[in-house]
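Got your viewer open? Here's a walk through the model, one selection at a time.

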Amino acid sequence: MLRKRTICATLVLVGATLTTAAVPAAATPATATATRATACPTGWGSLPKAASDSTTTPVRDIRTGRHACYDRMVVDLPGAARGGLGHSVRYVDRLHQDGSGRHIPVSGGAVLEVRVAAPSYAPESGEPTYPARAGRPLPGVDLTGYRTFRDARFAGSFEGETQIGLGVRARLPFRVLQLDGRLVIDVAHGWTGSR
């Protein structure tokens with residue numbers, strides 16, 4: 001009889017230990033969140049987006065980043081006001097350099113032409129403020145591992161406008177945000193509202 005009680009007590013203790021150890025892992029909010037799909041914004045569309053303002057504040061940097069629902073390109077113009085960031089962003093069949101008309105090859109299933117109504121040189125001296133060369137990849141931009149971006153080429157800066165070719169996986173929805181000191185271009189990973 002004593003042996004049966006010892007076995008029963010041992011089984012009860014083992015069961016209680018296993019249950020206690022399992023409860024915190026199942027109740028952790030981070031675990032529940034990780035299994036849910038991220039809801040992504042929709043409705044951006046793929047039609048051209050533009051604003052007619054301009055600035056003489058030069059482009060200083062162009063950088064990219066990866067997010068859960070989209071890939072992002074940021075054009076930095078420190079000191080420029082949000083309202084003065086003119087731009088034109090649209091899908092094109094081929095990227096042609098302003099002034100010369102030279103074709104600049106851009107890899108990807110579709111090409112977004114990004115025009116920023118700001119020079120990439122100091123207007124007073126003509127000295128470059130952004131170290132890019134026409135037809136070459138954007139300096140310091142590595143698109144390895146991006147879901148949407150495939151290529152980013154500098155087309156040039158002509159008559160106060162900077163032109164960039166952004167190669168993307170396919171013709172996908174995008175948005176353009178004007179913020180103080182920067183222009184942001186987000187290209188969605190897909191057309192649906194999930195990741």
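## Start with the whole chain

Show the surface first: the chain's accessible surface comes to about 10900 Å², and 55% of it belongs to carbon and sulfur atoms. Those areas come from the Shrake-Rupley method with a 1.4 Å probe, and for residues only the protein chains shown count as cover.

Before you click further, note that this is a predicted model, where local features need pLDDT of at least 70, side-chain atom pairs count only at pLDDT 80 or more, and totals for chains, interfaces and linings use all residues. Residues are numbered from 1 along each chain as its sequence is written, and side-chain values use heavy atoms, with hydrogens and water left out.

Now switch to cartoon. You'll find 2 helices and 11 strands, and from the N terminus on they run α-α-β-β-β-β-β-β-β-β-β-β-β. Helices (H or I, at least four residues) and strands (E, at least two) are DSSP runs, numbered from the N terminus.

How much of the chain is buried? Of its 195 residues, 39% count as buried. Buried means under 20% relative accessible area, exposed means over 50%, and partly exposed is in between (1.4 Å probe, protein chains only).

Contacts are worth a look too: among those between residues at least 6 apart in sequence, 67% join residues at least 24 apart. A contact here means heavy atoms within 4.5 Å.

## Stop 1: the five-strand sheet

Select strands 1, 4, 7, 9 and 8, which form an open sheet in that order, with antiparallel pairing. At its edges are strand 1 (49-51) and strand 8 (149-158), each pairing on one side only. From one strand to the next, the twist averages 20°; axes are lines fitted to C-alpha atoms, for helices over the stretch in contact, and angles run from 0 to 180 degrees between N-to-C directions. Two strands pair if DSSP finds at least two bridges between them. In general, strands of a sheet pair through backbone hydrogen bonds, either parallel or antiparallel.

Zoom in on strand 8 and strand 9 (residues 161-168): 8 bridges join this antiparallel pair. One spot to click is arginine 153, whose bridge partner in strand 9 is glycine 165. The two strands form a hairpin with 2 residues between them, and glutamate 159 in the turn has a positive phi of about 50°.

## Stop 2: threonine 162

Stay in strand 9 and pick threonine 162. Is threonine 162 buried or exposed? Its relative accessibility is 1%, so threonine 162 counts as buried.

Show the side chain of threonine 162: it reaches the backbone nitrogen of serine 120 at 3.3 Å. The same side chain makes a polar contact with the side chain of serine 157 (3.3 Å). A polar contact is a pair of N or O atoms within 3.5 Å; within protein, one must be able to donate a hydrogen and the other to accept it, and residues adjacent in sequence count only if both atoms are side-chain atoms.

Not counting residues up to four places away in sequence, threonine 162 touches several others, including Val59, Val114, Pro119 and Phe154.

## Stop 3: serine 107

Next, select serine 107, in the loop between strand 6 (103-104) and strand 7 (110-116). At 43% relative accessibility, serine 107 counts as partly exposed. Leaving aside neighbours within four places in sequence, serine 107 is in contact with Arg150, Asp151, Gly167 and Val168. Try a distance label as well: its C-alpha atom is separated by 9.5 Å from that of phenylalanine 149, 42 residues apart along the chain.

## Stop 4: the four-strand sheet

Now select strands 2, 3, 11 and 10, an open antiparallel sheet in the order 2-3-11-10. Strand 2 and strand 10 (174-179) are the edges, each pairing on one side only. Here the twist averages 15° from one strand to the next.

Strand 2 and strand 3 pair in the antiparallel sense over 6 bridges. Arginine 63 has valine 74 in strand 3 as its bridge partner.

## Last stop: the disulfide

The structure holds 1 disulfide, defined as a pair of cysteine sulfur atoms within 2.5 Å. Select cysteine 40 and cysteine 69, whose sulfur atoms are 2.1 Å apart. The pair links distant parts of the chain, 29 residues apart: cysteine 40 is in the loop between helix 2 (29-35) and strand 1, and cysteine 69 is in the loop between strand 2 (61-66) and strand 3 (70-76). Both cysteine 40 and cysteine 69 are buried. The torsion about their S-S bond is about -75°, so the disulfide is left-handed.
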